[in-house]
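Work through the following exercises with the sequence and the coordinates side by side, and treat each solution as a chain of short steps.

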Amino acid sequence: MEVKNFEVWDYVVFAALFVISSGIGVFFAIRERKKATSREFLVGGRQMTFGPVALSLTASFMSAVTVLGTPAEVYRFGASFIVFFIAYAFVIIFTSELFLPVFYRSGITSTYEYLQLRFNKPVRYAATAIYILQTILYTGVVVYAPALALNQVTGFDLWGSVFATGIVCTFYCTLGGLKAVVWTDAFQMVVMTVGFLTVLIRGSADAGGLHNVLEQSANGSRLNIFDFDVDPLRRHTFWTISVGGTFTWLGIYGVNQSTIQRCISCKTEKHAKLALYFNLLGLWVILACAVFSGLIMYSHFKDCDPWTSGIISAPDQLMPYFVMELFATMPGLPGLFVACAFSGTLSTVAASINALATVTFEDFVKSCFPHLSDKLSTWMSKGLCLLFGVICTSMAVAASLLGSVVQAALSIHGMCGGPMLGLFSLGILFPFVNWKGALGGLLTGIILSFWVAIGALIYPAPTSKTWPLPLSTDQCVPSNVTESVPPLLSSRPAIAETWYALSYLYYSAVGCLGCMAAGVIISFATGHQKGKDIQPLLIRPVCNLFCFWSKKYKTLCSCGVQHDSGTEQENLENGSTWKQGDESVLRNGLRRESLVHVPGYEPKDKNYDNMALEKITHF
């Protein structure tokens with residue numbers, strides 16, 4: 001393969017991204033130096049507004065996996081990826097209306113702190129350990145995959161880009177904390193959007209207009225979006241993406257520390273919800289850009305596929321190769337696209353490092369050393385950022401074994417995120433579930449999701465379920481063409497044709513539903529949790545929606561939780577106040593001598609406000 005090297009202007013544009021990102025970290029380190037508390041460092045003093053948080057959320061999860069992987073998926077398998085529009089909408093609605101209110105009103109910093117308040121310490125520590133493993137693995141994929149693709153296509157140094165990413169992210173996370181991460185993400189989101197738009201405008205013009213792109217894509221069966229086949233073994237159908245994708249991304253958004261940490265950094269619950277809903281618009285924009293980039297790329301390569309012809313060695317190299325061809329005579333623009341890809345990488349890695357530092361500090365360090373001074377806490381938080389920056393960068397080495405970047409990333413989230421989603425759902429939705437059910441359910445979900453995922457890695461799904469749409473090499477140079485045939489499968493057990501062949505988007509659903517089913521059964525078998533022992537703020541009795549006509553049935557569904565003490569149930573549903581000092585005040589399981597920091601309610605605005613939290617913490 002001919003490697004097309006960067007020119008001077010490409011390096012200038014790319015380097016500007018790293019310089020500005022580092023500069024934001026330095027700016028916040030200087031600006032916030034007098035507010036040297038771990039709370040200020042890890043959650044931005046809980047005074048962020050929804051705008052930058054929304055951009056940060058979008059940038060954090062629309063990583064280089066999206067920039068490079070999604071267009072390649074669309075190029076090979078068609079535009080059915082656009083059905084993620086539906087999954088994203090459900091995910092944001094469930095997160096903002098179901099999970100966020102519980103986390104926000106509890107005044108927690110680590111989402112796993114909730115698990116101790118609802119269950120006990122072992123459940124909290126088990127969940128934290130799984131999250132740390134999941135995030136380190138995922139971050140390794142995010143760092144390594146784009147670096148490898150860009151190296152093989154553009155000649156950009158592989159390990160240079162890997163270590164530059166790790167060093168810059170660690171630098172501005174360690175210096176500026178969450179505020180630096182959020183504002184840097186906002187800047188990187190703009191870079192990602194500009195990079196995509198540049199490719200879309202130039203690519204559609206090169207193809208003779210968007211109409212030609214759509215016509216050629218339709219002729220190549222790339223616009224057969226709505227495939228309603230219910231077969232769960234099919235890689236991408238309407239159901240695997242809309243249902244499986246909802247479970248997968250709900251594990252990423254609804255209960256993920258990186259997401260919730262940004263939301264609870266907002267100054268009011270209303271701002272947190274607005275951040276999520278505006279983030280949904282950002283997710284839709286980036287998804288649309290990625291899907292149309294894949295269609296434009298197909299239009300460009302419809303007569304000579306560089307993958308099956310042997311010009312490139314992996315599908316993840318398609319987008320960089322396309323960009324280098326598209327902008328061959330326009331110095332600086334390839335550098336802009338690389339900056340776009342690495343913006344996704346930087347934002348995701350920075351979010352991961354900050355979240356890892358937060359859960360480790362809150363769940364382990366403060367548990368062992370509860371009386372640390374503010375200064376020592378801040379320095380320890382920075383030390384954890386540095387440590388996890390090194391670990392995540394090093395983990396990139398293992399990512400080369402995981403295949404397609406999109407499938408690898410979502411499989412990791414499914415394997416770990418599904419059981420975690422099930423665990424939090426047990427705590428929030430089912431008041432009768434006890435700690436034994438929670439721990440047993442988590443273990444069951446992990447076993448099921450890892451079983452199916454590892455089995456699929458050893459015994460890949462049948463090609464009839466995963467083989468790409470037709471790709472032509474008619475116009476390729478004959479000497480370069482290599483015939484692409486489905487791989488021959490050796491002797492396989494019967495389970496490999498069913499259980500191991502399950503679509504990777506269902507891994508999260510398997511883990512989540514397995515966790516919830518086991519948790520409910522174990523809880524009833526071991527003696528269910530008594531409702532009177534559960535603080536009302538820790539659950540969201542969604543079943544009340546189906547029993548709104550009867551106070552008797554609402555009480556029954558609440559399993560004895562004292563929601564209707566006075567008017568507290570109505571207050572919670574309408575966003576009204578939880579009075580400090582009465583029986584509904586949540587007590588922190590870690591520090592039982594002090595009240596948990598419950599954000600206050602502002603009747604005038606009908607909204608919860610983090611200012612009350614700050615007053616309590618400084619009382």
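**Exercise 1.** Determine whether E73 is buried or exposed in this predicted model, and find which side chain meets that of E73 in a salt bridge.

*Solution.* Buried means under 20% relative accessible area, and E73, with a relative accessible area of 2%, is therefore buried. The side chain of E73 meets that of R235 in a salt bridge, at 2.7 Å from N to O. Since R235 lies in the loop between α9 and α10 while E73 belongs to helix α4 (residues 64-77), the pair ties together parts that are 162 residues apart in sequence. R235 is likewise buried, its relative accessible area being 7%.

**Exercise 2.** Locate the salt bridge between R105 and E269, and state which network includes these residues.

*Solution.* The side chains of R105 and E269 come together at 2.9 Å, N to O; this pair links distant parts of the chain, with R105 in helix α5 and E269 in helix α12 (residues 269-301), 164 residues apart. Both residues are buried, and a network of salt bridges links them with E97 and K273.

**Exercise 3.** Check the length of helix α17 (residues 435-458) against its expected span, and identify the residue that caps its N-terminal end.

*Solution.* The expected span is 1.5 Å times one less than the number of residues, so the 24 residues of α17 should span 34 Å, which agrees with the 34 Å between its end C-alpha atoms. The N-terminal cap is N434, where a side-chain oxygen lies 3.1 Å from the backbone nitrogen of K436. Several residues of α17 are buried, among them G437, L442, I446 and V452.

How values were computed
Residues are numbered from 1 along each chain as its sequence is written. This is a predicted model: local features need pLDDT of at least 70, side-chain atom pairs count only at pLDDT 80 or more; totals for chains, interfaces and linings use all residues. Side-chain values use heavy atoms; hydrogens and water are left out. Helices (H or I, at least four residues) and strands (E, at least two) are DSSP runs, numbered from the N terminus. Buried means under 20% relative accessible area, exposed over 50%, partly exposed in between (1.4 Å probe, protein chains only). A polar contact is a pair of N or O atoms within 3.5 Å; within protein, one must be able to donate a hydrogen and the other to accept it, and residues adjacent in sequence count only if both atoms are side-chain atoms. A salt bridge is a side-chain nitrogen of Lys or Arg within 4 Å of a carboxyl oxygen of Asp or Glu.
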